[in-house]
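Q: I have a structure open and want to go through it piece by piece. Can you take some quick questions?

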Amino acid sequence: MDTLKLSSKHFHVEADLRKFYGGAYPFPVVMLLDGHVVVGMCWEKWSSGKLTGAPGDPYGIVQDLLDSIRFFMSARPGELAGVKRDTVREYGFQIKEDLPIYSATSIADSVHIFLERTKDIVRVHYYNRLLDETDCPEFKGRQKGTIELPLVEFVRDVLRISGEYLKTTRVS
């Protein structure tokens with residue numbers, strides 16, 4: 001298998017398994033969430049002006065998303081996992097004091113992802129430093145954002161891409 005592709009209603013993940021960087025983020029990864037580039041990079045000189053994978057970890061994506069679901073199912077109001085509220089605010093995200101927040105740290109290098117849960121919604125706050133530094137005009141100003149997903153759809157999507165990951169990476 002040269003490319004790992006995981007897709008659901010909201011998520012699209014591609015990892016180029018032919019290139020191996022080693023370390024915590026071993027493969028080039030692109031992760032889109034409702035069309036927003038959460039993980040990926042573009043430079044005119046290095047990628048010919050096309051979106052390409054940033055150092056990331058497909059296993060980390062699946063694991064962090066599954067862990068976020070587990071955290072949200074048992075979190076108390078205002079509980080935090082892996083981040084301080086002030087840190088999230090430093091990236092310019094408006095968050096509430098009484099909502100649980102999970103920091104997804106195992107997904108990709110140079111990307112900060114904070115998930116915040118209301119009763120029925122998951123807000124995915126992301127900041128992609130590699131797009132902050134892009135010279136590709138179509139990606140300028142698209143380095144950060146907040147995407148809201150219904151909790152039920154978020155859980156379904158995470159379970160779907162997790163199942164796809166297990167099917168495609170199983171050892172025969």
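A: Yes. One point before starting: this is a predicted model. A place to begin is Asp34, which sits in the loop between strand 3 (27-33) and strand 4 (36-39).

Q: What about the phi of Asp34, positive or negative?
A: Positive, at about 50 degrees, although Asp34 is not a glycine. Most residues other than glycine have a negative phi.

Q: And is Asp34 buried, exposed or partly exposed?
A: Asp34 is partly exposed, because its relative accessible area is 36%, and the partly exposed range lies between 20% and 50%.

Q: Which loop holds Ser48, and what is its phi?
A: Ser48 is in the loop between helix 1 (44-47) and strand 5 (54-56). Its phi is near 55 degrees, again a positive value in a residue other than glycine. Ser48 counts as exposed, with 60% relative accessibility.

Q: Changing topic. How many disulfides are there?
A: The search of the whole structure finds 1. Cys42 and Cys136 form it, with their sulfur atoms 2.0 Å apart.

Q: Left-handed or right-handed?
A: Left-handed, because the torsion about the S-S bond of Cys42 and Cys136 is about -85 degrees.

Q: Which parts of the chain does the pair link?
A: Distant ones, 94 residues apart. Cys42 is in the loop between strand 4 and helix 1, while Cys136 is in the loop between helix 4 (129-132) and strand 10.

Q: Are those cysteines buried or exposed?
A: Cys42 counts as buried, at 0% relative accessibility. Cys136 is buried too, with a relative accessible area of 0%.

Q: On to the sheet. What is the strand order?
A: The order is 6-7-8-9-10, in an open sheet of 5 strands with mixed pairing. Strand 6 (80-81) and strand 10 (144-150) are at the edges; each has a single partner strand, so one side of each has no neighbour in the sheet.

Q: How many bridges join strand 6 to strand 7, and which way do they run, parallel or antiparallel?
A: There are 2 bridges, and the two strands run parallel. As for residues, Ala81 has Tyr102 in strand 7 as its bridge partner.

Q: Which strands does helix 2 touch?
A: Helix 2 packs on the sheet and touches strand 6, strand 7, strand 8 and strand 9 (121-128). Its direction makes about 165 degrees with that of strand 7.

Q: And helix 5?
A: Helix 5 (residues 151-169) also packs on the sheet, touching strand 8, strand 9 and strand 10. Its direction makes about 95 degrees with that of strand 10.

Q: Which residues have the most contacts inside the largest nonpolar core?
A: Met31, Val39, Ile113, Leu115 and Phe154, in a core of 38 residues. Helix 2 (residues 58-74) gives the most to this core, with 6 residues. Apart from it lies another core, of 7 residues, among them Val88 and Phe93.

Q: What does Ile113 touch?
A: Leaving out residues up to four places away in sequence, the contacts of Ile113 include Met31, Val38, Tyr102 and Val124.

Q: Last one. Where is Ser110, and what does its side chain contact?
A: Ser110 is in the loop between strand 7 (101-104) and strand 8 (111-117). Its side chain makes a polar contact with the side chain of Arg129, at 2.8 Å. Beyond four places in sequence, Ser110 is in contact with Tyr127, Asn128, Arg129 and Leu130. Ser110 counts as buried, at 10% relative accessibility.

Key. Residues are numbered from 1 along each chain as its sequence is written. This is a predicted model: local features need pLDDT of at least 70, side-chain atom pairs count only at pLDDT 80 or more; totals for chains, interfaces and linings use all residues. Side-chain values use heavy atoms; hydrogens and water are left out. Helices (H or I, at least four residues) and strands (E, at least two) are DSSP runs, numbered from the N terminus. Buried means under 20% relative accessible area, exposed over 50%, partly exposed in between (1.4 Å probe, protein chains only). A polar contact is a pair of N or O atoms within 3.5 Å; within protein, one must be able to donate a hydrogen and the other to accept it, and residues adjacent in sequence count only if both atoms are side-chain atoms. Contact means heavy atoms within 4.5 Å. A nonpolar core is a set of buried Ala, Val, Leu, Ile, Met, Phe, Trp, Tyr and Cys residues joined through side-chain atoms within 4.5 Å. Two strands pair if DSSP finds at least two bridges between them. Axes are lines fitted to C-alpha atoms, for helices over the stretch in contact, and angles run from 0 to 180 degrees between N-to-C directions. A disulfide is a pair of cysteine sulfur atoms within 2.5 Å.
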